[in-house]
Amino acid sequence: MFFDRPESGELAILVHLSFSSGQEPEDPREFEELVLSAGGDPVALVGGQRAAPHPKYFVGTGKLEELEALVLEHKAELVIFNHTLSPSQERNVEHALKCRVLDRTGLILDIFAQRARTFEGKLQVELAQLRHMATRLVRGWTHLERQKGGIGLRGPGETQLETDRRLLRGRITHIEKRLEKVRSQRDQGRRSRQRADIPTVSLVGYTNAGKSTLFNHITGESVYAEDQLFATLDPTMRRIEMNDVGAVIMADTVGFISHLPHKLVEAFRATLEEASNASLLLHVVDAAADDRVHNIEQVDLVLEEIGAGDLPQLRIYNKIDLLENGEPRIDRDDEGLPVAVWLSAQTGAGVELLLDAITERVGREMVAGDLLVPAERGRLRARLYQQNAVAEEDHREDGTSILRIRLPKSDLLRILSAENIDYRELRWQDRDESGRIAC
């Protein structure tokens, strides 16, 4: 965009190094999946080990010559590093290899740019890209020297680099203001749900853990779900009705990944706030993954970063159909509270157990019985029907309705408050041992 670079292509050389500096290594298998998710075609993987990154090229000069030979051999037009490169390292390697160079952050940004569908999602991706690009403008226009003086050539006194920086800052400020408006709209919607006492349940987890498949199974929606990293980028929220709970907002969110770039966490803060303000987090885990413990730790780190580390959490071990002798079950703590559910979102096995566990975790005090509603309180009867709280209805000769209701007590109190009725004024009808209304 701002660089005088060769055109990028699909054929890619991958670079993955191990360091003895004690920092946590990246996963080469996950790296290859990221490249495939971006639409790349990996033709070679270059590995190696160093004590520390080379200050100029990140890799050593010998490894750089090996990369140069592979680029020529495969006619590759893209070299992707499974690491974060400094702007100068990225430029130096590009100059040496004569092809486009991308680091891990740039790769994830490219995937996000492909996946963004909503206006908000596109804004957030553009903000992250601009912040990333802002550090890589130096010498991006070396072919354009300082503007010359002379008749017809006098400019505003800025270099092209200074002009780009000014335009970039202006665009970043503009996007931040628009996202601030989105954030205020989300806050308003969140406050209205809180006033209505509607709990929010957010699906979080490592990318490709099966969140969208589970979301579709519970809500009956058809959100895009594929076996690839970052299939979901834009958050989706749906209202569902649950027994003994009533209305619940279910939210599907973007997946996390190890060493998620801080620029992305900042840019997607408006979206991630849905998770940080949830009543309950459903932490979806790929139970069949070899490194599932590592994945859980990475998700917990991001949750801490967005201020959601202390929220109630129910762990969902998904994909038990890929486990030997995998059976649906609920794990409980010493107090009998559900802490984990084992299920398969693909086959639907164990989803009913999950709904039961959610009910236990966010369920509220329920009111059930036969309520006597005089004829003059028709508005109360109508509101109870609007709340889907009436299971049966009978009538007396004097016009009194006998409504068999079941709903959260908080919902009933809210209805009574709107009608200026005291809860103690309600009259209830008893039933006999056979379950019939007593005369």
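How many of the chain's 439 residues count as buried? In this predicted model, the share comes to 46%. The chain folds up with 13 helices and 15 strands. If you take the contacts with a separation of 6 or more, 70% of them are between residues 24 or more positions apart.

Let's start inside, with the largest nonpolar core. It has 29 residues, and the ones that touch the most other members are Ile80, Leu107, Phe256, Leu281 and Leu303. Several elements give two or more residues to this core: strands E1 (11-19) and E3 (78-81), along with helices H1 (28-37), H4 (104-115), H9 (269-276) and H10. Helix H4 gives the most, with 4 residues.

Leu303 is a good one to click on. Setting aside neighbours within four places in sequence, Leu303 is in contact with Val204, Phe256, Leu281, Ala308, Gly309 and Gln313. Two of the names on that list, Phe256 and Leu281, also appear among the core members that touch the most others. Apart from this core lies another one, made of 24 residues, including Val201, Leu282, Val341 and Ala357.

Now for the empty spaces. The model has 2 cavities of 30 Å³ or more, and the second largest has a volume of about 30 Å³. What lines the second largest cavity? Its lining is made up of Tyr206, His283, Val284, Val285, Asp286, Asn295 and Ile296. Strand E8 (280-286) and helix H10 (292-305) are the elements that give two or more residues here, and E8 has the largest share, with 4 residues. Helix H10 is a name you have met already, as one of the elements that give residues to the largest nonpolar core. Sorted by class, the lining of this cavity has 4 nonpolar, 2 polar and 1 charged residues.

One last stop is Ser401, in strand E14 (residues 401-408). Is Ser401 buried or exposed? Ser401 counts as buried because its relative accessibility is 6%, and the cut-off for buried is under 20%. What does the side chain of Ser401 pair with in a polar contact of 3.4 Å? The partner is the side chain of Glu393. Leaving out residues up to four places away in sequence, Ser401 touches Leu371, Leu372, Val373, Arg381, Glu393, Asp394 and His395. Glu393 therefore turns up both as a polar partner and in the list of touching residues, where contact means heavy atoms within 4.5 Å.

Technical notes
Residues numbered from 1 in each chain as written. Predicted model: local features only at pLDDT ≥ 70, side-chain atom pairs only at ≥ 80, totals over all residues. Heavy atoms only, no water. 1 Å grid on protein atoms, 1.4 Å probe; cavity = no way out; pocket = protein on both sides within 12 Å on 5 of 7 lines; lining within 4 Å. Points joined across faces, edges and corners; volume = space filled by probe spheres on them. Nonpolar A, V, L, I, M, F, W, Y, C, P; charged D, E, K, R; others polar. Buried < 20%, exposed > 50% of the residue type's maximum accessible area, 1.4 Å probe, protein only. Polar contact = N/O pair within 3.5 Å; in protein donor to acceptor, adjacent residues only side chain to side chain. Core = buried A, V, L, I, M, F, W, Y, C linked by side-chain atoms within 4.5 Å.
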